[in-house]
Structures are given as C-alpha cells and as structure tokens.
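Colleague: I should be grateful for a close look at a single part of this protein, set out for a first-year student. Please take one buried element and explain how the rest of the chain is arranged about it.

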Amino acid sequence: CKIDYQPASNLLENRVVLVTGAGDGIGRTAALTYARYGATVILLGRTIAKLERVYDEIEAEGGPQPAIFPLNFEGATLKDFHDMAETLDKEFGRLDGLLHNAGLLGKITPFEQYNPELWEQVMQVNINGPIWMTQALLPLLQQSADASVIFTSSSVGRKGRAYWGAYSVSKFATEGFVEVLADELENQSTLRVNTLNPGATRTQMRRTAYPGEDPLTLRTPEEIMPTYLWLMGPDSVGISGQKLDAQPPRV
Ligand code: NDP
C-alpha cells in the first residue's frame, strides 16, 4: 500500500495508458488522475455517454488528448480484441500501461440460488474478457520500455466470503492468472503484472453490495489514487507478480 506516495507531477508523461471501465467509479477517477500526471489515456467502457464526459473533463483540464474505445465485455469476441490492438497499434504503436478495472458485482446471494447465466456473465466481464484482451495487447505492451499491467482484485479474491459467488471466484481467478503470467514474464520481459485491491471505496458498486453502510465512512476513489499512480508509473519497475492493496485495511 502506497497511500502516502508523492508522485512527480510529470510521472506519466509520454505514456499511453488504457483504463477499462473508465466511465464511472474508480476507473473514472483513475483515468482523470493518470491524465493529470501526463498520460495519454484510452478510455474503454460500455456506456459511451459516460466516457465522453470523462473525455471532456480531461480536455477541459488541458490534459493530453484522450481516446475513447467503446467495448462491452459481455459479448466482446477475440476479433474485437484483435481489432482493438490493431487500432491502438496504428494510433500509438505501443501501450505503456493497462488498468483492468471494469467489473461486475453480480448478485450477493446463497450459492444454492445463484443463477448460472449471471455467474457466466460475471466471469466474462471480470476475468475471461480481460484475459483475452491482455493476450491481444501483449505485443503492444512489449513495445514499451517498462509497461505495467494492473488487474483489479478484491479482498474476496484473497479469502472467500459467503454469498459472494461468481464475483469472489472471478477475483480468485484474477489472482491466479496474474501469478501465472508474472511467472512466465519473469526474466524475459520488461512487462510487469500485479493485482491491486482498492479496498472499500465510495462507488456505486460498493453501495449496491452494502446498502446499509454510510458511504461517508469510506475512502473516495481520489483518496486511493497514490497507489494507482505508483503502480502505473516507473517507480514500481521491478515489482511483478505481487498482490497489492491501495489502502490500509480498515480497523
Ligand atoms: P463501479 O460499478 O462504480 O464501476 C464499474 C465500471 O466497470 C463502470 O465504469 C462500468 O461501466 C464498467 N463495466 C461494468 N460492466 C462492464 C462491461 N460489461 N463492459 C465494459 N465495462 C463494464 O465499480 P467500482 O468503481 O467500485 O469498481 C472498480 C473495480 O474495483 C472493479 O473491478 C471492482 O470489482 C473493484 N473493487 C471495488 C471495490 C469498492 O469498494 N468499490 C472493492 C474491491 C474491488 P458502466 O458505468 O457503463 O456501467
């Protein structure tokens, strides 16, 4: 956890960074923050109007011109991911960072009652889609001198919890995939890959999962950005295959 990290103001200058789920919640704040520190941000998500609002905000702040990439992980095919890689290759020639942030909660419900279609949907959005997107983008990530790939995890991806069903399992799969990929890349790539658990954060997803909780007791997406910046920027070069947290555990 690097919540006290103090990034240089030009930390991400000349870096091309893709953020998934960039229209809302933590992803929206990460996209805006990365742009503030100099990154050219590719805003990926399923609701174009939200992405456009983030785009306009970055432009209004005078950040590097971002790009919008509409994509819904539900229904996205291998061809979509390869077309995307081709477009990014033509436009930028490389990718210096990839924040896998898009996520679907599914339903908090006893496993006995879990709907199998919803289960598949959650696995598609939270792990299968991101895995094949990563495969398609590997050549572009290898073009960077020190690319960082971040997968968003959760505390229920490190210890199972009753009723969290597919969401918890998808985050465990995320942790497992990152161990495998990091081990493959060790000693043969400048590319690093880690998981980051944001911890309880004031977003719509958290409100849905904990309707009785006072959101004002939670950290905001802005407050957890130091760790997101550290892990995306060059100060974390050499860190790979780690399970990181964006904030200290709540007491
Ligand atoms: P939000 O629900 O606020 O935002 C999720 C983002 O993912 C939205 O931009 C959403 O798009 C996008 N998304 C959802 N489904 C798809 C899809 N099928 N295709 C493309 N994009 C999609 O969640 P948070 O910001 O809270 O969560 C961000 C990440 O952090 C997630 O991976 C979550 O699991 C993780 N996390 C969050 C915690 C928290 O306390 N908030 C705690 C632990 C982990 P749209 O706006 O169009 O719906």
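Modeller: Two residues are said to be in contact if their C-beta atoms, placed from the backbone, lie within 7 Å. With that in hand, we may begin at L98, remembering throughout that this is a predicted model. L98 lies in strand 4. Leaving aside its neighbours within four places in sequence, L98 is in contact with L18, L137, L141 and V149. A residue is counted as buried if 20 or more other C-beta atoms lie within 10 Å of its own; L98 has 29 and is therefore buried.

L98 also leads us to another strand. Although L98 and V17 are 81 residues apart in sequence, their C-alpha atoms are 5.7 Å apart in space. V17, for its part, touches L12, Y34, A39, V41, D96, G97, L99 and M232, again without counting neighbours within four places in sequence. V17 is also one of the residues with the most contacts inside the largest nonpolar core, a group that further comprises V19, A31, Y34, V41 and L43. That core has 49 residues. A second core, separate from it, has eight residues, including F73, V122, V156 and Y167. In soluble globular proteins, nonpolar side chains tend to be buried together.

The contact between V17 and M232 brings us to the element that deserves the closest look, helix 7. This helix covers residues 225–232, and because seven of its eight residues are buried, helix 7 is largely enclosed by the rest of the structure. The buried residues are M225, T227, Y228, L229, W230, L231 and M232. What encloses them? The cover over the buried residues of helix 7 includes strand 1 (16–20), strand 4 (97–100), strand 5 (148–152), strand 6 (192–197) and strand 7 (243–245), together with helix 1.

Helix 1, which spans residues 25–36, has a part in a further site: helix 1 and helix 6 (204–209) each supply at least two residues of the shell around the ligand. In total, 28 residues surround the ligand, and the closest are G21, G25, T47, G103 and T203. By kind, the shell divides into 15 polar, eight nonpolar and five charged residues.

It remains to place these parts within the whole. The protein has seven helices and seven strands, and along the sequence they follow the pattern β-α-β-α-β-α-β-α-β-α-β-α-α-β. The radius of gyration is 17 Å, close to the 18 Å that the globule rule gives for 251 residues, so the protein is as compact as a globular protein of that length. Of those 251 residues, 41% count as buried. Among contacts with a separation of 6 or more, 73% join residues 24 or more positions apart.

Two residues outside the buried parts merit a remark on their backbone. N14, in the segment before strand 1, has a positive phi of about 65° although N14 is not a glycine; with 10 C-beta neighbours inside 10 Å, N14 counts as exposed. Y163, in the loop between strand 5 and helix 5, likewise is not a glycine and has a positive phi of about 80°. Y163 has 14 C-beta neighbours inside 10 Å and counts as partly exposed.

As to confidence, the protein averages a pLDDT of 97, and 100% of the residues score at least 70. The model scores ipTM 0.99 and pTM 0.98.

Methods
Residues are numbered from 1 along each chain as its sequence is written. A nonpolar core is a set of buried Ala, Val, Leu, Ile, Met, Phe, Trp, Tyr and Cys residues joined through C-beta atoms within 7 Å. A residue is buried if 20 or more other C-beta atoms lie within 10 Å of its own, exposed if 12 or fewer, and partly exposed in between; C-beta atoms are placed from the backbone. A residue is near a molecule or strand if its C-beta atom, placed from the backbone, lies within 6 Å of it. Helices (H or I, at least four residues) and strands (E, at least two) are DSSP runs, numbered from the N terminus. Ala, Val, Leu, Ile, Met, Phe, Trp, Tyr, Cys and Pro count as nonpolar, Asp, Glu, Lys and Arg as charged, and the others, Gly among them, as polar. pLDDT is the predictor's confidence in each residue, from 0 to 100. The radius of gyration is taken over C-alpha atoms; the globule rule is 2.2 Å times the number of residues to the power 0.38.
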